[in-house]
Amino acid sequence: MGTRHTLAALLVFTILSLLGTAPAGATGTVRIQQNDGTVRNYDGAVIRVKHNTIRVWSHDGKGTLVIDRAACSYVGELERCLPTTFELKQSGQTKTIQLINGLVYFNPTDSTQQLTLSSKQLPPRSLMLMLHTLRGTFISVHGQIDELQP
Amino acid sequence: MKSFRIFVALVLAVTMPLTALAQTRPAGRPGGSGAGRPAPPPQQRPAQPPPQQRPAQPQQRPPGFDLSNDTQRPAAPPSRPSAPSHPSTPGRPSTPSAPSRPPQNNPGYRPPPPPNNRPPANRPPSPAYRPPNYRPPHPPVAIVNPIWRGHPAWYWNRGVAWNPAAAYWGGGFWGTLAIAAASAAVFGYIYGANGAQYVSYQVMPDSPGAILLQNYGLTQTPCGPDNLVVIYGPNNSVICAFPNNLVAPGVYTVDPTTLTISSY
């Protein structure tokens, strides 16, 4: 009797896994402020970091922001980097967007970290990214990193 | 048998909501395609709200990210007056907008002078580490970093290699100041043997350069006066500091791997 219940529970669990559940993570938010002041937020973005490249997928999967980073150093427990290139992959095209400057903060730890000289806190295993393009657009990305390959 | 019935009930309880969820996604399909699930009659559907009652959202939201402002070609600039009505005055302030110069790692690229009243910042075009035409009077002497003495390369950065970012002053070694940024705290100038001008800026806290200064007990000061510690960093950057008992006045370069300075 007990064995049958255990087997039933295991089978239910297996079926649940096969049917799939909601994607883990995807808590990123992208905020784009145009030079005319209009602001648009994109929730549910997926953030993945592989070596020196950050990729941010839109919730609908139609657009990808690709940012390369360099000059990484540590500020306390946070890792701070500078973006070097910025691309938008969308509608089958890859377009390079020129930057004026930017900043990337990583929190690779399992605890919340506070930025220096700021009240801003970064949750565990998350990033905060800020870009300023040549056309005057401000782009910020913040959220938990869904996949990290150092 | 009883346990089998419980098992079947559990499976049905789990699969039925998921099946219903999959069926409701294609909203345009009338009736759906699931077995045993009647389609709602069209008459029962609520009338479409009038246009003015719809929430204020863009009619056609582009897929992905809307960066059309950055990816599309700019419109033709308006025609400017060919000649001013009054004589042009030097040093007339222009709009403090960001200069339209790409921050690319192009050794041959020479940005125009910034639109302000400061002396022009003639940054050297070549990414040479040392100032040109400089001949050291003696072999270089390294002053080992007193904090990171004996440690392996990049130990100061937790073993992570630091690579310069070309679009930033000093590759980002002295801070996050972008080369294309119009405003910055200028900390004097250094003139090379060929008369080239090297602009110095204020070192930002928590930068690798700030760590280096702290390790050697150096305090940054604007370049220009004599008898200073002149340190050349990555990407032709330069800063100056007051000398101390560890570092005498002179010209030095930085080894980012160990945060060690070496005299010329």
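Leaving aside its neighbours within four places in sequence, which residues is B:Ile261 in contact with? I would like to come to that by way of the chain around it, and I should say at the outset that this is a predicted model.

Chain B has 264 residues, of which 32% count as buried, and its secondary structure comes to three helices and eight strands. If you follow the sequence along, the pattern reads α-α-β-β-β-α-β-β-β-β-β. Taking the contacts in chain B between residues at least 6 apart in sequence, 54% join residues at least 24 apart. The area that chain B exposes is about 16,700 Å², with 57% of it supplied by carbon and sulfur atoms.

Now to the answer for B:Ile261, whose contacts, with those sequence neighbours set aside, are B:Val141, B:Ala142, B:Ile143, B:Leu212, B:Tyr216, B:Ile231, B:Val247, B:Tyr252, B:Thr253 and B:Val254.

B:Ile261 also belongs to the largest nonpolar core, which has 40 residues, and it is among the members that touch the most others, together with B:Trp174, B:Leu212, B:Leu218, B:Ile231 and B:Val247. Both chains contribute to this core: the elements giving two or more residues are β4, β5 and β7 of chain A and, from chain B, β3, α3, β5, β6 and β7. The largest share, five residues, comes from α3(B). As general background, nonpolar side chains in soluble globular proteins tend to be buried together. There is also a second, separate core of 26 residues, and it includes A:Leu88, A:Ile97, A:Phe106 and A:Leu129.

Let me stay with α3(B) for a moment, since this helix is mostly covered, with eight of its nine residues buried. Those buried residues are B:Pro208, B:Gly209, B:Ala210, B:Ile211, B:Leu212, B:Leu213, B:Asn215 and B:Tyr216, and two of the names, B:Leu212 and B:Tyr216, you have just heard among the contacts of B:Ile261. After the helix comes B:Gly217, which has a positive phi, near 70°.

My last topic is the second largest pocket, with a volume of about 350 Å³. Its lining is made up of 18 residues, and those closest to the centre are A:His51, A:Arg69, A:Glu79, A:Pro150 and B:Val160. The elements that give two or more residues to this lining are β4 and β7 of chain A, and β4(A) gives the most, with five residues. By residue type, the lining divides into eleven nonpolar, four polar and three charged.

Methods:
Residues numbered from 1 in each chain as written. Chains lettered and ligands numbered in written order. Predicted model: local features only at pLDDT ≥ 70, side-chain atom pairs only at ≥ 80, totals over all residues. Heavy atoms only, no water. Helix = DSSP H or I, 4+ residues; strand = E, 2+ residues; numbered from the N terminus. Buried < 20%, exposed > 50% of the residue type's maximum accessible area, 1.4 Å probe, protein only. Contact = heavy atoms within 4.5 Å. Areas by Shrake-Rupley, 256 points an atom, 1.4 Å probe, with all protein chains shown as cover. Core = buried A, V, L, I, M, F, W, Y, C linked by side-chain atoms within 4.5 Å. 1 Å grid on protein atoms, 1.4 Å probe; cavity = no way out; pocket = protein on both sides within 12 Å on 5 of 7 lines; lining within 4 Å. Points joined across faces, edges and corners; volume = space filled by probe spheres on them. Nonpolar A, V, L, I, M, F, W, Y, C, P; charged D, E, K, R; others polar.
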